[in-house]
Amino acid sequence: MRVIAGKFKGTKLVSPHGEVRPTTDIVKGSLFSVLTSKGLLKDANCLDIFCGSGGLGIEALSRGAESCVFADIDVKNVNANLDKLRISARTVAGDFRKTLKSLIGKKFDLVFCDPPYKSGFARTTLELLVKYELLSDNGAAVIERGSDGEPTEVSGTYIIDSRKFGAATYEIIGVDHESNICGNV
């Protein structure tokens, strides 16, 4: 796995061993092209949850994002990659539900969410992002899921863009802040 563009282009990243499926270069290239074209990336404050090696958050920083918080049950690999690139960023180790609750009061322009497929964690993460109001007014969540699953959209959200790449689909999801004023989640 490597960074494909920007100031860290070509840097190989430490990745977890075992049953993992790093986001491919083709998917990353397409995703970041869409994020850039929609003006969602430049100077963005990001959260990379289920970050693994931190590949998506690091790619965002490489391409002009302002900051990124990295969160996963185990942050050993992302810490190694941040050290290697001399990036100063916050990492949070622990269950994603507790992590999201601990971030109440923060606002993110982009949230990358790439949990294990078929775990139900993508939907739960999106519900908590809405409930805890973690997305900025023009913020978006990027959900990577299995192509055989249902769209991740939940009440109070809408799909900005969706792309399928074989077994993987990513969705860029926005929040309708008007519908959440009364906490309808």
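Me: In this predicted model, which residue meets the side chain of Glu59 in a salt bridge of 2.8 Å, N to O?
Reply: In this predicted model, a salt bridge with an N to O distance of 2.8 Å joins the side chain of Glu59 to a partner that counts as partly exposed, at 26% relative accessibility. Glu59 itself is buried, with a relative accessible area of 0%. The residue that meets Glu59 at this distance is Arg63.

Me: Which residues are linked with Lys28 in a network of salt bridges?
Reply: The side chains of Lys28 and Glu59 meet in a salt bridge with an N to O distance of 3.9 Å, and this pair links distant parts of the chain, with Lys28 in helix H1 and Glu59 in helix H2 (residues 55-62), 31 residues apart. Both Lys28 and Glu59 are buried. Since Glu59 also forms a salt bridge with Arg63, the residues linked with Lys28 in the network are Glu59 and Arg63.

Me: Is Arg2, which meets Asp25 in a salt bridge, buried, partly exposed or exposed?
Reply: The side chains of Asp25 and Arg2 meet at 3.0 Å, N to O, with Asp25 in helix H1 and Arg2 in the segment before H1, 23 residues apart. Asp25 has a relative accessible area of 31% and is partly exposed. Because buried means under 20% and exposed over 50%, the 34% relative accessibility of Arg2 makes this residue partly exposed.

Me: Which element gives the most residues to the lining of the largest cavity?
Reply: The largest cavity has a volume of about 40 Å³, and its lining divides into 7 nonpolar residues, 1 polar and 1 charged. Helix H1 (25-37) and strand E5 each supply at least two residues of this lining, which includes Val142, Ile143 and Glu144. With 3 residues, the element that gives the most is E5.

Me: How many charged residues are in the lining of the second largest pocket?
Reply: About 230 Å³ of space lies in the second largest pocket, and of the 17 residues that line this pocket, the closest to its centre are Lys118, Gly120, Ala122, Arg145 and Glu150. Helix H5 (121-131) and strand E5 (135-146) are the elements that give two or more residues to the lining. Beside 6 nonpolar and 5 polar residues, the number of charged residues is 6.

Me: What is the handedness of the β-α-β crossover from E2 to E3?
Reply: Strands E2 (residues 67-72) and E3 (residues 90-93) run parallel and are joined by 4 bridges, and Ala71 has Val92 in E3 as its bridge partner. From E2 the chain crosses through helix H3 (residues 76-85) to E3, and this crossover is right-handed.

Conventions. Residues are numbered from 1 along each chain as its sequence is written. This is a predicted model: local features need pLDDT of at least 70, side-chain atom pairs count only at pLDDT 80 or more; totals for chains, interfaces and linings use all residues. Side-chain values use heavy atoms; hydrogens and water are left out. On a 1 Å grid over the protein atoms alone, a cavity is a set of points where a 1.4 Å probe fits but cannot get out, and a pocket is an open set with protein on both sides within 12 Å along at least five of seven lines; lining residues have an atom within 4 Å of a point. Grid points are joined across faces, edges and corners, and a volume is the space filled by probe spheres set on the points. Ala, Val, Leu, Ile, Met, Phe, Trp, Tyr, Cys and Pro count as nonpolar, Asp, Glu, Lys and Arg as charged, and the others, Gly among them, as polar. Two strands pair if DSSP finds at least two bridges between them. A crossover is right-handed if, with the strands pointing away from the viewer, the path from the first strand over the helix to the second runs clockwise. A salt bridge is a side-chain nitrogen of Lys or Arg within 4 Å of a carboxyl oxygen of Asp or Glu. Buried means under 20% relative accessible area, exposed over 50%, partly exposed in between (1.4 Å probe, protein chains only).
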